[in-house]
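Trainee: I'd like to learn how to read helix packing and burial. Can you take me through an example?

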Amino acid sequence: MIGETSGEIPAPTPRADTPPTDLELDRLWDDPPGLLGKLQAVQNDAIGKRLILTGFFFLILGGTVDSLVMRLQLAVPENELINPQLYNELFTNHGSVTMFLVILPIFEGFAILLLPLLLGSREMPFPRLGAFAYYTFLLGGLLYYSSTLFGAVPDAGWFGYTPLSGPEFSPDLALDFWVLGLGVAEVGAIAAAIEIIIGVLKMRSPGMTLARIPLFAWSLLVMAFMILFAFTPLIVGSFLLELDRGFSTQFFNPEAGGSTLLWQHLFWIFGHPEVYIQFLPATGIASMIVPVFVRRRTVGYTWIIAAMVAIGFLSFGLWAHHMFTVGLSPIVLSFFSAASMVIAIPAGVQIFAWLATIWEGRPVWRTPFLFVVGFLSLFVLGGITGVMVASVPFDVAAHDSYFVVGHLHYVLIGGVAFPIFAGVYYWLPKFTGRLLDERLGRWNFWLMFIGVNVTFFPMHIVGLMGMPRRVYTYPAGLGWEVYNLISTIGVFIIAAGVAVFMFNVVRSRKKGEPAGHNPWGGDTLEWAVPSPPLQHTWSVPPIVHGRHPLWDQEGLHGGDTGDESLVRTLSVWPLRWRAALITRTSNAAPEEVFRVAGPSIWPLIAALGTVTIFAAELLKLRWGAFVGAVVIVAAVIAWNRPDDVPISEEEEVAFQEEHQLPLRVGGSIALARWGMGLVILFLGIAFTSFLLSYFYLRLENTEWPPQDVLLPSFAPTIVAAVLVVLASVAIHRCRRAIQRGDTTGLKTGLFVGAILGLAGVTLQMTQLLGADFDSQTHAFGSMFHVLGWFCMMVTLAAIGMSLSSLYWSFRDAYSERRHVPIVNISLFWIAAAAIWVIGFAVLYLTPVLT
């Protein structure tokens with residue numbers, strides 16, 4: 001394959017083995033039929049396709065229709081096509097939908113759909129979590145868009161700056177729809193990120209070491225970690241904003257100790273990394289397509305990975321790049337300006353690696369490659385203007401001008417949308433079995449490439465001429481008319497390109513040329529399976545020996561004798577339950593075989609409970625939030641209910657002795673540790689965000705707390721902290737007990753831990769409820785009560801887990817070999833105790849010590 005030098009696509013490589021048990025495995029892994037079956041579906045192909053299609057649906061609504069109307073309004077000066085209020089609603093919706101409901105869900109859909117194929121796995125690690133992620137994203141988007149039915153469309157910009165978004169200037173429901181609707185979608189984004197991280201690190205084929213992972217998978221791994229670190233502060237900030245709006249707290253009210261800039265810090269800690277969250281998987285797609293269409297192995301594989309990781313880290317040091325005009329000190333401005341310039345270096349490393357790969361190869365100019373080349377040229381232009389606005393003096397002049405609008409869209413459309421189209425043209429034939437029409441694909445590319453430049457390049461000029469952004473009209477005679485008219489024409493050219501793409505996709509379903517299993521002569525594992533793939537993806541899991549397995553290996557199932565025997569066994573056994581292989585993080589050696597969760601309605605029920613809580617707060621029906629919480633608890637318990645085990649423990653031991661590998665039909669311990677570890681990481685980031693908010697407000701106030709505030713006694717808080725720590729010790733002991741097979745010790749430890757924890761929460765709750773200051777008078781009281789309740793809610797979650805496991809322990813659900821929930825609970829209790837001790841120490845000691 002690599003040796004091809006002609007412009008033709010090489011002949012396809014032989015596909016993976018297809019044993020006679022394919023039909024049985026396909027039925028086993030398939031989702032149930034009918035409407036109920038679709039609602040229960042957890043298969044990665046179903047969830048991935050739904051995420052992508054729903055993201056494209058929101059793209060048409062918010063990304064295309066809104067932009068057409070706005071550009072028609074700005075085509076000529078003093079236009080009255082729409083009024084100022086509608087224009088504010090359109091640009092708020094356009095930005096919000098694009099940033100929250102389009103690009104990221106599409107990339108997470110790509111991840112869930114493609115990772116099992118790319119990595120040689122049968123499924124994602126937690127299929128039900130993936131289903132939950134999709135339903136929360138969908139329901140959050142629908143809740144957000146339901147604002148139209150109430151005549152309360154958000155109009156404060158996609159960034160929701162306070163005080164404009166606060167209760168004083170936006171007292172109606174419009175901003176509640178923005179905060180709460182998008183908040184549900186953010187929960188889904190974090191759930192999918194956890195699924196992606198564990199999928200890349202633990203669900204790889206034997207031999208696929210960290211140095212052999214496809215670059216797209218690497219980009220998704222970095223993206224998913226960034227989602228955890230970026231979206232969590234946004235959720236905390238949105239929570240504080242909704243408390244200000246619905247419960248009269250004072251976090252963002254400067255007259256009561258709050259700060260409007262606190263919102264900007266919390267938002268842009270999310271907002272600037274969000275650009276790179278979208279950019280990195282785009283670079284991953286480019287890194288997959290370039291070597292295939294130039295017939296050359298990727299130049300600088302390790303450097304590209306290092307650049308991705310560097311971008312992930314550096315992006316969190318740039319958030320004040322958006323706050324150069326708010327009055328930050330010169331030292332702070334210098335730091336963030338330098339960081340904003342430095343991040344161009346790893347981005348440049350990737351671009352030069354792709355250019356070197358293209359230079360060394362012989363390009364085949366098919367549609368996927370055209371879109372990648374378009375991405376390179378457009379992103380470089382957007383990156384150059386990005387370095388320009390990283391300069392403080394220039395940014396101060398251009399900050400609120402159309403120059404920034406042009407820069408942003410070159411980055412997001414050229415740097416993100418073009419790779420998405422490239423990925424669709426590249427991978428869609430794998431799932432439909434038919435190629436998209438090449439002639440229509442070229443029309444699609446050239447219309448969009450010309451349209452982007454015609455639309456957004458003039459915006460740089462008109463911005464430098466002084467046209468401010470976020471204006472619904474402008475006076476004649478300023479020289480802006482011709483540039484705005486050109487930009488409006490360009491938007492319609494882009495829309496025509498999108499229309500051609502949609503027609504091409506629909507047409508190819510029936511009339512497209514048959515694709516075969518490897519139409520591009522690809523080098524990675526997904527091109528070794530049939531098109532479309534079977535439900536279980538891999539009948540015989542592959543064994544990998546290089547970065548380009550289809551170019552470097554004669555077969556996919558040879559190698560270490562033990563590994564080959566294992567994957568051959570998995571092709572014929574088991575046939576009554578879903579089995580998948582877990583490998584070690586670094587060297588991808590087989591670690592466990594575990595039973596994958598099957599179809600379930602409970603992820604949908606849990607998502608409905610989640611949106612019920614948010615909708616109840618939106619409508620100020622607080623009892624509805626309690627109902628939603630009950631639904632979530634019940635759904636999660638049912639979701640994780642121990643199932644009947646399909647084989648005996650003796651059979652498990654026999655498999656382990658034969659293959660020297662643990663068999664976990666009661667759930668994977670390795671995945672459980674990773675999953676709970678990421679949940680704890682999420683809680684830790686949220687807790688840190690609360691602490692940062694606390695200390696930021698502390699520094700903003702000369703008196704903290706106000707002189708008339710008397711803190712509650714510290715003694716009961718010390719007792720409560722001791723009780724919670726003892727509870728975590730008791731739970732840890734019960735974990736050790738079940739690992740010895742001591743079920744009595746397990747029950748005792750769970751009971752004692754729950755009682756001690758409940759006693760600590762009750763004591764501390766009495767302290768908070770009896771405090772002589774409330775959460776509505778001053779920001780200190782708001783922060784004290786909210787941080788205290790956060791600590792208690794985490795511990796209450798740990799108590800709930802303990803009581804649930806206590807119930808199942810009396811049903812003999814746990815044994816020496818099958819006790820995954822107990823491992824999770826013990827880890828969660830350690831985190832809960834740490835959060836409790838640190839949180840209440842901050843609340844009670846910092847006012848005294850400072």
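Mentor: Let's go through a helix pair, then a few single residues. Keep in mind that this is a predicted model.

Trainee: What do people use to describe two packed helices?

Mentor: Two things: the angle between their axes and the distance between those axes. Here, take helix α3 (residues 44-74) and helix α5 (residues 127-145): they pack at about 15°, and their axes are 10 Å apart. Angles under 35 degrees count as roughly parallel, so α3 is roughly parallel to α5.

Trainee: Is the crossing of α3 and α5 left-handed or right-handed?

Mentor: α3 passes α5 in a left-handed crossing.

Trainee: Which residues in α3 and α5 meet?

Mentor: On the α3 side, look for I47, R50, L51, T54, G55, F58, L61 and G62. Among their partners in α5 are G130, A131, Y134, F137 and L138. Sorted by class, the contact has 11 nonpolar, five polar and one charged residues.

Trainee: Now a single residue. Where does H399 lie?

Mentor: You'll find H399 in the loop between α13 (392-398) and α14 (402-432).

Trainee: Is H399 buried or exposed?

Mentor: Buried means under 20% relative accessible area. H399 has 12%, so H399 is buried. If you skip its neighbours within four places in sequence, H399 is in contact with H322, T325, V404 and R469.

Trainee: And cysteines: how many disulfides does a search of the whole structure find?

Mentor: Zero. Still, you can read cysteines for burial: C734 is buried at a relative accessible area of 0%, and C791, at 0%, counts as buried too.

Terms used
Residues are numbered from 1 along each chain as its sequence is written. This is a predicted model: local features need pLDDT of at least 70, side-chain atom pairs count only at pLDDT 80 or more; totals for chains, interfaces and linings use all residues. Side-chain values use heavy atoms; hydrogens and water are left out. Axes are lines fitted to C-alpha atoms, for helices over the stretch in contact, and angles run from 0 to 180 degrees between N-to-C directions. Helices (H or I, at least four residues) and strands (E, at least two) are DSSP runs, numbered from the N terminus. Angles under 35 degrees count as roughly parallel, over 145 as roughly antiparallel, 65 to 115 as roughly perpendicular and the rest as oblique. A crossing is left-handed if the near helix is turned anticlockwise from the far one by less than a right angle, and right-handed if clockwise. Contact means heavy atoms within 4.5 Å. Ala, Val, Leu, Ile, Met, Phe, Trp, Tyr, Cys and Pro count as nonpolar, Asp, Glu, Lys and Arg as charged, and the others, Gly among them, as polar. Buried means under 20% relative accessible area, exposed over 50%, partly exposed in between (1.4 Å probe, protein chains only). A disulfide is a pair of cysteine sulfur atoms within 2.5 Å.
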